[in-house]
Structure formats: structure tokens, C-alpha cells
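Student: I should like to learn how to read the packing of helices, the order of a sheet and an enclosed cavity. Could you take me through an example?

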Amino acid sequence: MQSVADPVDAALLNDWQRGFPVIPAPFAVLAARLSIGECEVLERLGRMQEAGRIARVGATCAPNIVSASTLAALQAGPDELEHVAGIIGQEPGVNHSYLREDAWNLWFVVTGPDRTHVDNALARISERTDRQVLDLRLVRPFNVDLGFCMKGQAGPVAGPRSVDRAAMRTGDREILQCLTRGLPLTPHPWAAIASHLRRHEEEVLERVAALAKAGVISRLGVIVRHRALGWRSNAMCVWNVSHDDCAEIGPVLARLPGVTLCYERRPVAGIWDYRLYNMIHARSRSEALATLARIQALPGLARAAHKVLFSTRCFKQTGALILSEKGEAA
């Protein structure tokens, strides 16, 4: 585990995972809160990004609002694992790819400007790997606001925010793609984005604030790489419960301490019958199993058929693809 001994680095990682200032000089605000210089803030963030402790300073978006996405899985043997994982990683829309302990062992998230883009990516991966690909589409989220508390115990998990789709305007996807790739680490990052998009800084700031208020931007701030920061025992738990039971159990499961993500996905009949998913991100396997024991004590899950798929390797982690390679939005 890579501990964060420096208190300033720890504060940057912990306190600014959300609520990043949408003002012309946001890093100056962080500097003032930490009683250090703006240049030092930028230097520290840049160093932690180069070291792999943070993915970016930027945004995550509400699922399937700005773009389309799905969770997918396939099977690969030990001798072909690197080759197959490489094919998956070559798809620009794949933004997460993990090896997990199961016969269905390669898991990845495919994103794109629309559902057709995602379907085409899945078809290419299936053709190039000569394997069946499970397409496990999101039905409803219970908690998708993944964050990591660097100081003591995490607070209570908030329920999913409502999202106002009507808040979207022409040109917003271009801004959001910049945010999912990461803000430039400069004193005036919004001006840099505006210049890149050939727009005015004031307009970019207004649109980001509006999209955050509408819930389209689900989180704006430091996006950490949890494995590099000590959360190495991570398990995806899947539960075979009905659609109606998901509505009752899901919100309760999402609020349980130690559960970091929770959602319902569409099953694949006769192959993958699990609907309810949750993630456990823990610093040790024993800690993860202790959380699992609390989950299994919940009414409705004690006797439910389930699997626990520990992640053993991360192949890819990046922001979602909102625009196509040609810069086109859906």
C-alpha cells in the first residue's frame, strides 16, 4: 500500500474529490485553503498524477445521460490473457478494464457517444477475440458516486441525484469530454479549455456550473486511482434477485458502510442471471470479507445466489468517451 504521509497531499486527495471551484482561478482557492502557494498546488497535483495516484482533475458524468455505456465481460485463458486484454484495451471507448476471479474473468466498461457506438465496439471485440461478450446494461443506479475517504471513516452515502436532461445544450458534450479527460494543470484551466474549444471562458464556466447543478456532472474534482492509494482488495459482488427486489434491497445495500458502488443491470438469461451489483473497495481481503458478511446479513440477500469476483489486475482506467474519434456527438 502506498500511504500518503504528507498532510498537504492527503488533504488535496481527500478534500477535493468533489466540489472543485468553477471560477477562473480554481487552484488559487485550493492554495488558500491549504495555506500554500498556487504553484505548489499545481506542482503537487502534477507529481501525483505522474506517480499514478490520481487519474486527473476533472469530472465524472451521470451514466447514460451524456453518452452511452455498458459493463461487459468475456472469458480468456491464462495463455491468451495478455492478447485478449490488449484487444479490449485498443478500443478507445473502453475506459475501465479489469481481471477478476471468475470463469468470466475479463471485465470492462464500454462508453461512446450513443448506443450504436457501444454496440459496434462490443461487436468488434467479440469478432477480434472470437468470444462471446456479455452485455450487462445498466437498469438503474443506487450509488455510482465513487469516492475514497483518506481520513478515517467515510461518511454516509448519499442516494443517486436526480438528473435534469433538459439542461443539456449544444456544445456541452465538447466541454464534458474535456472534463472527462482532465483539466489542464495551469492557473487558469477554464480559459485553456475555452481556448481549445474556441469559446469564451465565461460561457464555459456558466455551462459547467449549470451541468453540475443539473446533476449531469455527477462529480467534479480530483479523480484518484484507488489501487495506487491502498484500496487493493476490491470485489464486485453480484446477486440473483428479482427486478422488484432490487428496488427494495438496492437503496439499503448502497448505504451500507464499505459498499462503494451499487446498481441494477440487465442479466443474460441462462448465462449470467445476476441483476444486483455492488462494489467493495477495501485495503485488505479480510476487510472486504467483513463487509461482505454485513451485506449477507441484509434481509433479502442472506439466501440469494451470488458471486464475489475479486479484482486482481487493472489493465485500463481512463475517462469516458463522449465524442467519437471525429469529434462528433450523438
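Tutor: We shall take the helix pairs, then the sheet, then the cavity. This is a predicted model, in which local features need pLDDT of at least 70 and side-chain atom pairs count only at pLDDT 80 or more, while totals for chains, interfaces and linings use all residues. Residues are numbered from 1 along each chain as its sequence is written, and side-chain values use heavy atoms, with hydrogens and water left out.

Student: At what angle do helix α2 and helix α3 pack?

Tutor: Two packed helices are described by the angle between their axes and the distance between the axes. Here α2 (residues 26-34) and α3 (residues 38-50) pack at about 100 degrees, with axes 8 Å apart. That makes α2 roughly perpendicular to α3 (65 to 115 degrees). Axes are lines fitted to C-alpha atoms, for helices over the stretch in contact, and angles run from 0 to 180 degrees between N-to-C directions. Helices (H or I, at least four residues) and strands (E, at least two) are DSSP runs, numbered from the N terminus.

Student: Which residues of α2 and α3 meet?

Tutor: Phe27, Ala28, Leu30 and Ala31 of α2 meet Glu38, Val41, Leu42 and Leu45 of α3, where contact means heavy atoms within 4.5 Å.

Student: How is the sheet ordered?

Tutor: Strands of a sheet pair through backbone hydrogen bonds, either parallel or antiparallel. In this model nine strands form an open sheet in the order β5-β2-β4-β3-β11-β8-β10-β9-β6, with antiparallel pairing; two strands pair if DSSP finds at least two bridges between them. β5 (134-136) and β6 (138-143) stand at the edges, each with a single partner strand, so one side of each has no neighbour in the sheet. Four bridges join β6 to β9 (residues 259-265), and Leu138 stands opposite Arg265 in β9.

Student: Which strands does helix α10 lie across?

Tutor: Helix α10 (residues 285-296) lies across β8, β9, β10 and β11 (306-317), running at about 145 degrees to β10.

Student: What volume does the largest cavity have?

Tutor: A cavity is a set of points, on a 1 Å grid over the protein atoms alone, where a 1.4 Å probe fits but cannot get out. The volume is the space filled by probe spheres set on the points, which are joined across faces, edges and corners. The search finds one cavity of 30 Å³ or more, and the largest cavity has about 1,000 Å³. Of its 47 lining residues, the closest to its centre are Asn95, His96, Val109, Val144 and Leu261; lining residues have an atom within 4 Å of a point.

Technical notes. Angles under 35 degrees count as roughly parallel, over 145 as roughly antiparallel, 65 to 115 as roughly perpendicular and the rest as oblique. On a 1 Å grid over the protein atoms alone, a cavity is a set of points where a 1.4 Å probe fits but cannot get out, and a pocket is an open set with protein on both sides within 12 Å along at least five of seven lines; lining residues have an atom within 4 Å of a point.
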